Amino acid sequence: MANSSTAGGYDYSAYRALGLHKDQGIMTITLSNPGRRNAVTSQQSEELTRIWDDVWLDPEVSVIVLTGANQDFCSGADLASLSERVSKSEPTQSQSRSPVNFVSRLAKKHLHGILDCEKPTIAKVRGVAYGVGVTIALACDLVYAAPGARFCDSHVKAGMVAGDGGVLIWPLLVGMHRAKEYLMTGEPVEAEVAERIGLINACVPDDSLDSHVLAVAERLRDLPPHAVNYTKVALNTAMKQMAGAAFEMSLGYEMYSMGMDDFREATTAFVEKRKGKFLGK
């Protein structure tokens with residue numbers, strides 16, 4: 001993927017899977033996976049764990065906008081890419097088994113990369129924001145969406161515990177009862193409802209969304225940077241302290257649930273387009 005952000009300073013040439021565009025202090029990071037509603041590939045997943053440190057260190061970046069190409073934000077993980085990654089990582093008899101679970105490691109780095117980046121981040125959402133897509137969108141400091149955009153943590157429908165950040169973010173944004181409703185059912189939230197319940201900042205007409213987000217980014221860029229940045233740091237520190245233990249526990253339970261027969265049944269039923277038969281095993 002061609003990037004226009006390598007000129008004029010910081011080197012982003014190592015990034016191949018993320019669209020990067022830097023202009024007047026605003027870095028736009030674009031997720032793009034044509035035909036798969038911008039599902040995150042394994043390479044994009046790895047780059048998303050590194051990009052936040054680089055934009056943090058780049059003196060020419062003041063604000064980051066995270067978005068998706070075309071009419072979707074991100075439909076979650078690209079399961080085909082993930083399956084390929086898992087098969088390649090399976091050890092042979094001559095290899096030692098890695099002590100690191102890359103799935104849980106990446107989940108933590110996706111979330112904490114955004115939370116720890118001192119510079120303000122804005123999510124611009126059209127279409128679907130599902131799975132890892134909804135986690136990284138809601139982890140941003142500000143979230144603006146077009147009408148019809150849908151936010152959904154659908155882990156439970158795939159036979160998994162909501163373990164990649166949902167238990168940290170959703171209760172803080174919408175309260176515990178609403179968070180339980182959406183995380184325990186895996187049902188989507190339309191942008192208009194998301195605005196009303198406080199899940200996002202605003203639902204903005206589609207033809208105004210780009211200009212609205214740009215105006216907010218420029219406003220943040222033009223404020224005293226240390227004041228803005230460390231207000232974010234203080235707020236996110238409090239948030240992580242309140243929910244850190246629950247996040248770690250949810251990751252552990254997610255790994256546990258991925259070893260269950262119900263997880264395999266949910267995946268198979270999805271592929272076969274049928275209702276799953278779950279036995280609690």
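# Exercises on two sheets, a cavity and two positive phi angles

In strand S8, Glu190 is the bridge partner of Arg150. The model is a predicted one, in which local features need pLDDT of at least 70 and side-chain atom pairs count only at pLDDT 80 or more, while totals for chains, interfaces and linings use all residues. Residues are numbered from 1 along each chain as its sequence is written, and side-chain values use heavy atoms, with hydrogens and water left out.

## Exercise 1

Determine the strand order of the sheet that holds S5, S7 and S8, and state which strands stand at its edges.

Solution. Strands (E, at least two residues) and helices (H or I, at least four) are DSSP runs, numbered from the N terminus. Two strands pair if DSSP finds at least two bridges between them.

1. The sheet is open, has the order S5-S7-S8 and shows mixed pairing.
2. S5 (128–130) and S8 (189–190) each have a single partner strand, so one side of each is left without a neighbour in the sheet.
3. Strand S7 (residues 150–152) and S8 run antiparallel and are joined by two bridges.
4. Helix H4 (residues 132–139) packs on this sheet and touches S5 and S7, and its direction makes about 100 degrees with that of S5. Contact here means heavy atoms within 4.5 Å. Axes are lines fitted to C-alpha atoms, for helices over the stretch in contact, and angles run from 0 to 180 degrees between N-to-C directions.

## Exercise 2

Trace the six-stranded sheet from one edge to the other.

Solution.

1. The order is S1-S2-S3-S4-S6-S9 in an open sheet with mixed pairing.
2. S1 (19–23) and S9 (202–203) are the edge strands, each pairing on one side only.
3. S1 and S2 run antiparallel and are joined by five bridges; His21 stands opposite Thr28 in S2.
4. H1 packs on the sheet, where it touches S1, S2, S3 (63–68) and S4 (121–125), and its direction makes about 175 degrees with that of S2.
5. S4 pairs with S6 in the parallel sense over four bridges, and Ala123 stands opposite Val143 in S6.
6. S6 and S9 run parallel and are joined by two bridges; Ala145 stands opposite Cys203 in S9.
7. From S6 (residues 142–145), Leu142 and Tyr144 point one way and Val143 and Ala145 the other way, and all are buried. Buried means under 20% relative accessible area, exposed over 50%, and partly exposed in between (1.4 Å probe, protein chains only).

## Exercise 3

Describe the largest cavity by its volume and its lining.

Solution. On a 1 Å grid over the protein atoms alone, a cavity is a set of points where a 1.4 Å probe fits but cannot get out; lining residues have an atom within 4 Å of a point. Grid points are joined across faces, edges and corners, and a volume is the space filled by probe spheres set on the points.

1. The structure holds one cavity of 30 Å³ or more, and the largest cavity contains about 30 Å³ of space.
2. Its lining consists of Leu48, Trp52, Leu66, His110, Ile114 and Ile136.
3. H1 and helix H3 (102–116) each supply at least two residues of this lining.

## Exercise 4

Locate Arg37 and Lys273 and give the phi angle of each.

Solution.

1. Arg37 lies in the loop between S2 (26–31) and H1 (42–57); its phi is near 55 degrees, a positive value in a residue other than glycine.
2. Arg37 is partly exposed, with a relative accessible area of 43%.
3. Lys273 lies in the segment after helix H10 (261–272) and has a positive phi of about 55 degrees although it is not a glycine.
4. Lys273 is exposed, with a relative accessible area of 79%.

Key:
1 Å grid on protein atoms, 1.4 Å probe; cavity = no way out; pocket = protein on both sides within 12 Å on 5 of 7 lines; lining within 4 Å.
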